[in-house]
Amino acid sequence: MKSEQRYKGVICAAGRFLLAAVVFVVCGSVFAGGGGEARGGAAGTSKPQDASIAVFIPGLMSGSPIYEMLANGVRKAAADFSSAEGREIKVNVIEAGYNQAEWEAKLTALAASGSYGLIVSSNPSLPVIAESVSAKFPRQKFLLLDGEIEGRPSIYTMRYNQREQAYIAGHIAALVSLDLTAGGPKRIGLVAGQEYPVMDKTIRPAYEEGAKAVDQDFTVDFRVVGNWFDAGKGAELALDMIRGGVQVILCIAGGANEGVVKAASETGKKAVWFDINGYGIMPGTVVGSAVLYQEKAAYEKTMLYLKGALPFGKAEVVGIAQGYVEFVEDDPLYLAAVGEAARAKQSALLTRLRSGELKLED
Ligand code: RBF
């Protein structure tokens, strides 16, 4: 619970001050006859602002493929819809930066502008922030991926089963670790950008659960960078783990992943990638890719919105069975980096998950 409080604290603290400033500016423009809630669009209507979508990036796109996939999916849906319907759908991507305390004020300003029929975003902290913005701008619609809130009439969310995603990452990390040092310490690494509830309650435990399915004695050496960009700190943490006997490290630290994978490669150790196929990032060093099809999700849900059929108020959870979580096992770089016996065991696990024989509810 401690980390949850800290996480909420970071998001909320300085935000209140900025929020007050933004609301002051926005109210001024409303009273002066400018934008504001009265112009907020709704799905399925033909108001001009429906033709504009904002993608709100809580951070920066560079180094965080989960955000790149989000923007790409929305842009592609808008382009396809525009050419099919013969009317232009504009997409504006706004990077809110790494100061989480500013996100609520920035999202409020976006809703207050009344310029966008839909605001699209992604990460587990967004639903609560959007809910608060929604209270002031109830007609502003939100499409939020990688997060969850149910029953809010203007918010749709879709969260991934990250227990599955982290479990398959832990499974391959343990298999490769045993291949590297059969008699060494049964410890795998995880470097995270920050602590947050989904990390603490789902990703980290499921990563360990997957490793323990290979060998009960595996434990996780968990380290936190403290931000989503510091590659130097990522390398430092990785090297410290490696000195302690860790052979394989899962990277969930945005731009800091670069430092982790570099440290692994320079010491002959291995890394596991999360969210996208990472084998090509450091061939031979990256030995697993537990992916999310976030671009596909963003494309499909944006398209539904444009067709007036996105079920606002609903919260969906999708995983391997629905085709949004996977492990990439057909990449030649994976075949080259990981021994046949380990790959066969990983493949057997994936078959059980895909068929539903093994259920990992999240
Ligand atoms: N993941 C990233 O790759 N880059 C980020 O900048 C980033 N920022 C985050 C900020 C917050 C407040 C939270 C809760 C998560 C963030 N994540 C980020 C993690 C992301 O939501 C997701 O859990 C991971 O990408 C693993 O799928």
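Let me begin with helix H2, whose buried residues are Pro65, Ile66, Tyr67, Met69, Leu70, Ala71, Gly73, Val74, Ala77, Ala78, Phe81 and Ser82. Buried here means under 20% relative accessible area, exposed means over 50%, and partly exposed lies in between, with a 1.4 Å probe and protein chains only. Helices (H or I, at least four residues) and strands (E, at least two) are DSSP runs, numbered from the N terminus.

Before going further, I should state that this is a predicted model, in which local features need pLDDT of at least 70 and side-chain atom pairs count only at pLDDT 80 or more, while totals for chains, interfaces and linings use all residues. Residues are numbered from 1 along each chain as its sequence is written, and side-chain values use heavy atoms, with hydrogens and water left out.

Returning to H2, the helix covers residues 65-85, and its 21 residues should span 30 Å at 1.5 Å a residue; the end C-alpha atoms are 30 Å apart, which agrees. The expected span is 1.5 Å times one less than the number of residues. Just after H2 comes Gly86, with a positive phi of about 70 degrees.

For the chain as a whole, there are eleven helices and twelve strands. Of its 362 residues, 54% count as buried. Among contacts with a separation of 6 or more, 69% come from residues 24 or more positions apart, where contact means heavy atoms within 4.5 Å.

I turn now to H4. Which residues are buried in this helix? In H4, residues 126-136, they are Leu126, Pro127, Ile129, Ala130, Val133 and Ser134. They cover an arc of only 160 degrees around the axis, and therefore sit on the same side of H4; the arc is that of the directions from the helix axis to the C-beta atoms. The exposed residues Val128 and Ala135 are carried by the face of H4 turned away from its buried side.

The loop between strand E3 (118-122) and H4 contains Asn123. This residue has a positive phi of about 155 degrees although it is not a glycine. Asn123 counts as buried, at 9% relative accessibility.

H4 also packs with helix H3, residues 103-112, at an angle of about 45 degrees, and the two axes are 10 Å apart. That angle makes H3 oblique to H4. Axes are lines fitted to C-alpha atoms, for helices over the stretch in contact, and angles run from 0 to 180 degrees between N-to-C directions. Angles under 35 degrees count as roughly parallel, over 145 as roughly antiparallel, 65 to 115 as roughly perpendicular, and the rest as oblique. The crossing of H3 past H4 is right-handed, that is, the near helix is turned clockwise from the far one by less than a right angle, anticlockwise being left-handed. On the H3 side, Trp103, Glu104, Leu107, Thr108 and Ala111 meet Leu126, Ile129, Ala130, Ser132, Val133 and Lys136 of H4.

A second helix pair is H7 (residues 231-243) and H8 (residues 257-266), with axes that come within 6 Å and cross at roughly 40 degrees. H7 and H8 are therefore oblique to each other, and their crossing is right-handed. H7 contributes Ala231, Gly234, Ala235, Ala238, Leu239 and Ile242 to the contact, and H8 contributes Glu258, Gly259, Val260, Ala263 and Ala264.

What, then, covers the buried residues of H8? Those residues are Asn257, Gly259, Val260, Val261, Ala263 and Ala264, and their cover includes strand E6 (187-192), H7, E8, E9 and strand E10 (286-292). H8 is followed by Gly268, with a positive phi near 75 degrees.

Ile249 is located in strand E8, residues 248-252. At 1% relative accessibility, Ile249 is buried. Beyond its neighbours within four places in sequence, Ile249 has contacts that include Ala238 and Ile242, Val260, and Lys270, Ala271 and Val272. Ile249 and Ala271 are 22 residues apart in sequence, with C-alpha atoms 4.7 Å apart in space.

In strand E9 (residues 270-275) we find Asp275, which has a positive phi of about 80 degrees although it is not a glycine. Asp275 is buried, at a relative accessible area of 13%.

My last residue is Ala166, in helix H5 (residues 162-180). Is Ala166 buried or exposed? Ala166 is buried, with a relative accessible area of 0%. Outside its neighbours within four places in sequence, Ala166 is in contact with Ile203, Ala206, Tyr207 and Phe274. The C-alpha atoms of Ala166 and Arg204 are separated by 7.3 Å, the two residues being 38 apart along the chain.
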